[in-house]
Amino acid sequence: MGLDSKGSDSVAEPVKTADGGGGTPAGTPALAFDFGENWDHYSRTVLDEPRLAAAIDSLKGLVGTDRLKDASFCDVGSGSGLFTIAAGKLGVSRALGFDVNPTGVEVARRNLGRFAPDLAERIEFRRSSALDSGFVGSLGRFDVVYAWGSLHHTGSMWPAIETVAPLVAPGGTFVLALYNRHWTSPIWTLIKIVYNLSPGFLRKLWDWTLGSLMFLATWAITGSNPLRKERGMEFWVDVTDWLGGYPYEYASADEVRARMDALGFDMLEVRPPRVPTGCNEFILRRRPA
C-alpha cells in the first residue's frame, strides 16, 4: 500500500494529448492523472489553518528552522502551494513554487491570498515542468529545494532529478521524496493505468473498495489510525491521489543514494515510508563547489 502522497482529490482527467491539449505541456505522457483538479478540490473542501500548521511542523521537522530562516526556497511540483506557503511562514527570504499543471498554479496563488496575503511579495508561483531544462536553468540557486512526491510523476523521474538538482546551492539542502521500490510496484502500475482509463463512476467504486482495503492494511501495518494524517493531508484524498497518480515511478533507497552521490550530494538522512510502497524521504546536502 502507498499512502505517503502529497494529497489530491477524486477528479481525474486521464487522457491528455502530447501536443499540450487540456493545458498539458508537450512531452507529457498521453495517459496522465489530473493533479490540478484534485488540488482544487482539496483546497476548497479540506485545507484549513490546522492543516497549514501541520505542514509547517512537517517542514520544520525535515529541514529545521535554522536552515529555513532567511533562506531561499524552491518547491518543485508545488501542487496546492501548501509547503511553499509553509516555508514563507517559517521565515524564508523568498520562495518559488512551480508546477506543470495550470490549475495547480491557480490554486496555489489562491491559497496564498487566503492564508498568507502578507507574504505575497516573497512568494511566487509559476507554471513549468521539472523537465524543462531551459526554465529550470534560468531560476538560479536556492538554499533549500523541496521536491516531495512530485518527480516520480513526471514520466521521466531520473532526468527530472538531474534537471532540478543544480537548483540546490553548494552547501544547500535538497528534500526529495520518492516512491519506494517494492515487489508490488509493477502491480500498482497496472492498477493505476486501469484506474485512469476507467469512467468516473468506476473510479469512485475503486476509491471506496480499494480505499477500504488500504485503510485496513495501513492500520494493520502501522498500528495507528490511518485517518490521523501528517503533513496536512487527508486519508481519502490520498487514496485517490495514490490510485490515480500516473505516471508512476519508484526507486529503492540504495538506488537513490548512489544516484545522488554521483550528482554531488551527501545523504544526511533517509526516512523510510510508513507503508512499503510509500515515499522514502531523503534529506541531502550538496557538496561545496
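The following dialogue asks how several descriptions of this predicted model are justified.

Student: What makes strands S1 and S2 a pair, and in which sense do they run?

Tutor: Two strands pair if there are at least two bridges between them, and S1 (residues 72-76) and S2 (residues 94-99) are joined in the parallel sense over five bridges, so the requirement of at least two is met. Within this pairing, Ser72 stands opposite Arg94 in S2.

Student: How does the chain get from S1 to S2, and what is the hand of that crossover?

Tutor: The chain passes from S1 through helix H4 (residues 82-89) to S2, and this β-α-β crossover is right-handed. The name right-handed applies because, with the strands pointing away from the viewer, the path from the first strand over the helix to the second runs clockwise.

Student: Which strand is joined to S2 by five bridges besides S1, and what helix belongs to that unit?

Tutor: Strand S3 (residues 123-127) runs parallel to S2 and is joined to S2 by five bridges, with Ala95 standing opposite Ile123 in S3. A right-handed β-α-β unit is made by S2, helix H5 (residues 102-115) and S3.

Student: Why is S2 described as mostly covered?

Tutor: Five of the six residues of S2 are buried, and a residue is called buried because its relative accessible area is under 20%.

Student: How do you know that Arg181 and Glu255 form a salt bridge?

Tutor: A salt bridge needs a side-chain nitrogen of Lys or Arg within 4 Å of a carboxyl oxygen of Asp or Glu, and the side chains of Arg181 and Glu255 meet at 2.8 Å, N to O, so the pair qualifies under that limit. Arg181 lies in the loop between strand S5 (168-179) and helix H8 (185-197), while Glu255 lies in helix H11 (residues 253-262), so the pair ties together parts that are 74 residues apart in sequence.

Student: Why are Arg181 and Glu255 called partly exposed, rather than buried or exposed?

Tutor: Partly exposed is the class between buried, under 20%, and exposed, over 50%. Arg181 has a relative accessible area of 40% and therefore belongs to that class, and Glu255 is placed there because its relative accessibility is 28%.

Student: Which salt bridges does Arg287 form?

Tutor: One is with Asp261, where the closest N and O atoms are 2.4 Å apart. Because Arg287 lies in the segment after strand S7 (279-286) and Asp261 in helix H11, this pair ties together parts that are 26 residues apart in sequence. Another is with Asp266, where the closest N and O atoms are 2.9 Å apart; Asp266 lies in strand S6 (residues 265-271), so here the parts tied together are 21 residues apart in sequence. Elsewhere, salt bridges that share partners join Asp40, Arg44 and Arg110 into one network, and a search of the whole structure finds nine salt bridges.

Student: What makes Trp158 buried, and what is in contact with Trp158?

Tutor: Trp158 has a relative accessible area of 14%, which is under 20%, so the word buried applies. Trp158 is placed in helix H7 (residues 157-164), and, leaving aside its neighbours within four places in sequence, Trp158 is in contact with Ala251, Glu255, Val256 and Arg259. The C-alpha atoms of Trp158 and Val256 are separated by 9.5 Å, although these residues are 98 residues apart along the chain; the word contact still applies to the pair because contact refers to heavy atoms within 4.5 Å.

Technical notes
Residues numbered from 1 in each chain as written. Predicted model: local features only at pLDDT ≥ 70, side-chain atom pairs only at ≥ 80, totals over all residues. Heavy atoms only, no water. Buried < 20%, exposed > 50% of the residue type's maximum accessible area, 1.4 Å probe, protein only. Helix = DSSP H or I, 4+ residues; strand = E, 2+ residues; numbered from the N terminus.
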